[in-house]
Amino acid sequence: YLGHIAPELVAKIEKWTGSRDLFTENRVDEQLAKALDRKVYLPSGGSLVIDKTEAMVVIDVNTGKFIGKGGNLEETVTKNNLEAAEEIARQLRLRDLGGIIVIDFIDMVLESNREQVLRRLVECLGRDRTKHQVAEVTSLGLVQMTRKRVGQGLIEAFSTTCESCGGRGIHVHMEPVNKRSLDREISPTNESEDSQPEEREEKDDDVEVEESKESRKPFGRRRRRAASSGIVTPGGSV
């Protein structure tokens with residue numbers, strides 16, 4: 001097959017004779033799993049979050065654990081954005097993302113730093129053979145660009161639409177979720193309130209028994225006092 005497609009590459013091919021799987025040995029499966037994840041970690045500790053919608057691709061840049069040195073926030077943010085610009089250009093080629101792409105870099109105060117990040121992004125995209133165009137930074141600090149998609153994207157090649165949610169990533173309930181949770185919280189309260197009258201009745205019975213005992217004690221003492229004084233009590237003797 002390769003002899004017909006690219007004869008110049010035949011000499012570079014070697015037969016794999018190892019006992020382990022070729023993809024596992026070269027960590028291809030691990031790299032593929034990272035390429036399919038929506039979150040990409042940067043070497044310094046920051047991260048990228050890549051979300052694809054029907055209209056555009058949105059990339060959010062976060063600092064994460066990267067706090068820099070010296071306490072200079074502007075310098076820390078600029079370094080994180082420069083690192084993110086290089087990784088974004090790589091992810092666009094790796095995932096074959098196309099269409100309208102909006103990048104939300106971390107806000108920078110100095111105009112020179114914003115221009116530096118934009119230049120770094122354009123330089124890294126220069127290695128991409130796919131036609132692309134980078135616009136200026138908007139008033140909200142967003143970078144807009146377009147990229148032509150050559151073939152099928154990585155996500156489309158290794159995924160299928162969920163039959164349960166239709167690709168939305170959520171399950172829709174006919175009742176508000178807050179109402180459902182509120183009903184579950186109220187139900188145990190009602191049960192406890194229903195059990196309170198029974199407890200009160202038991203307490204009332206105990207009180208009546210105690211009162212009857214107390215009422216009998218003074219009567220017995222009165223009979224003993226009457227007997228000692230020689231007074232005849234009703235229904236009894238001296």
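Colleague: How much of the chain is buried?

Modeller: Buried residues account for 23% of the 238 residues in the chain. Keep in mind that this is a predicted model.

Colleague: And how do I get an overview of the fold?

Modeller: Start with the elements, then ask how they are ordered. The chain has seven helices and six strands. Read from the N terminus, the order is α-α-α-β-β-β-α-β-α-β-β-α-α. Another useful view is how contacts are spread along the sequence. Of the contacts in the chain with a separation of 6 or more, 54% are between residues 24 or more positions apart.

Colleague: In which order do the strands sit in the sheet?

Modeller: The six strands form an open sheet ordered E1-E2-E3-E4-E6-E5, with mixed pairing. An edge strand is recognised by its pairing on one side only, and here the edges are strand E1 (39-41) and strand E5 (132-137). On average, and ignoring direction, neighbouring strands of this sheet are turned by 20° against each other.

Colleague: Let's walk across from E1. How many bridges join E1 to E2?

Modeller: Three bridges do, and the two strands run antiparallel. To see the register, look for residues facing each other: Tyr41 is opposite Ser47 in E2. E1 and E2 make a hairpin with five residues between them, and in its turn Gly45 has a positive phi of about 120°.

Colleague: What about E2 and E3?

Modeller: They are antiparallel too, joined by six bridges. Val49 has Asp60 of E3 as its bridge partner. E2 and E3 also form a hairpin, this time with three residues between them.

Colleague: Further along the sheet, in what sense do E4 and E6 pair?

Modeller: Strand E4 (residues 99-104) and strand E6 (residues 142-147) pair in the antiparallel sense, over six bridges. You can check the register at Ile103, whose bridge partner in E6 is Val143.

Colleague: Could you show me one residue of that region in its surroundings?

Modeller: Take Val102, which is in strand E4. A residue counts as buried under 20% relative accessible area, and Val102 is therefore buried, at 12% relative accessibility. Beyond its neighbours within four places in sequence, Val102 is in contact with Met56, Val57, Val58, Ile59, Leu142 and Val143. One of these partners, Ile59, is 43 residues away along the chain, yet the two C-alpha atoms are separated by 6.3 Å.

Colleague: Now the helices. Which strands does H4 lie across?

Modeller: H4 lies across E1, strand E2 (47-52), strand E3 (56-62), E4 and E6, and runs at about 145° to E3. Helix H5 lies across E4, E5 and E6, at about 180° to E5.

Colleague: How do I read the packing of H4 and H5 against each other?

Modeller: Look at the axes, then at the side chains. The axes of helix H4 (residues 73-95) and helix H5 (residues 111-125) come within 9 Å and cross at roughly 20°. Angles under 35 degrees count as roughly parallel, so that is how H4 and H5 are described. Their crossing is right-handed. On the H4 side, the contact is made by Glu74, Thr78, Asn81, Leu82, Ala85, Glu86, Ile88, Ala89, Leu92 and Arg93; on the H5 side, by Asn113, Gln116, Val117, Arg120, Leu121, Cys124 and Leu125. By type, the residues of this contact divide into nine nonpolar, four polar and four charged.

Colleague: Is there anything to notice in the backbone angles?

Modeller: Most residues other than glycine have a negative phi, so positive values are a good thing to look for. Arg27 is one case, with a positive phi near 60° in a residue other than glycine. Asp96 is another, with a positive phi of about 55° although it is not a glycine.

Colleague: Where do Arg27 and Asp96 lie, and is each buried or exposed?

Modeller: Arg27 is in the loop between helix H2 (22-25) and helix H3 (28-36). Its relative accessibility is 48%, so Arg27 counts as partly exposed. Asp96 is in the loop between H4 and E4. With 13% relative accessibility, Asp96 counts as buried.

Key
Residues are numbered from 1 along each chain as its sequence is written. This is a predicted model: local features need pLDDT of at least 70, side-chain atom pairs count only at pLDDT 80 or more; totals for chains, interfaces and linings use all residues. Side-chain values use heavy atoms; hydrogens and water are left out. Axes are lines fitted to C-alpha atoms, for helices over the stretch in contact, and angles run from 0 to 180 degrees between N-to-C directions. Helices (H or I, at least four residues) and strands (E, at least two) are DSSP runs, numbered from the N terminus. Angles under 35 degrees count as roughly parallel, over 145 as roughly antiparallel, 65 to 115 as roughly perpendicular and the rest as oblique. A crossing is left-handed if the near helix is turned anticlockwise from the far one by less than a right angle, and right-handed if clockwise. Contact means heavy atoms within 4.5 Å. Ala, Val, Leu, Ile, Met, Phe, Trp, Tyr, Cys and Pro count as nonpolar, Asp, Glu, Lys and Arg as charged, and the others, Gly among them, as polar. Two strands pair if DSSP finds at least two bridges between them. Buried means under 20% relative accessible area, exposed over 50%, partly exposed in between (1.4 Å probe, protein chains only).
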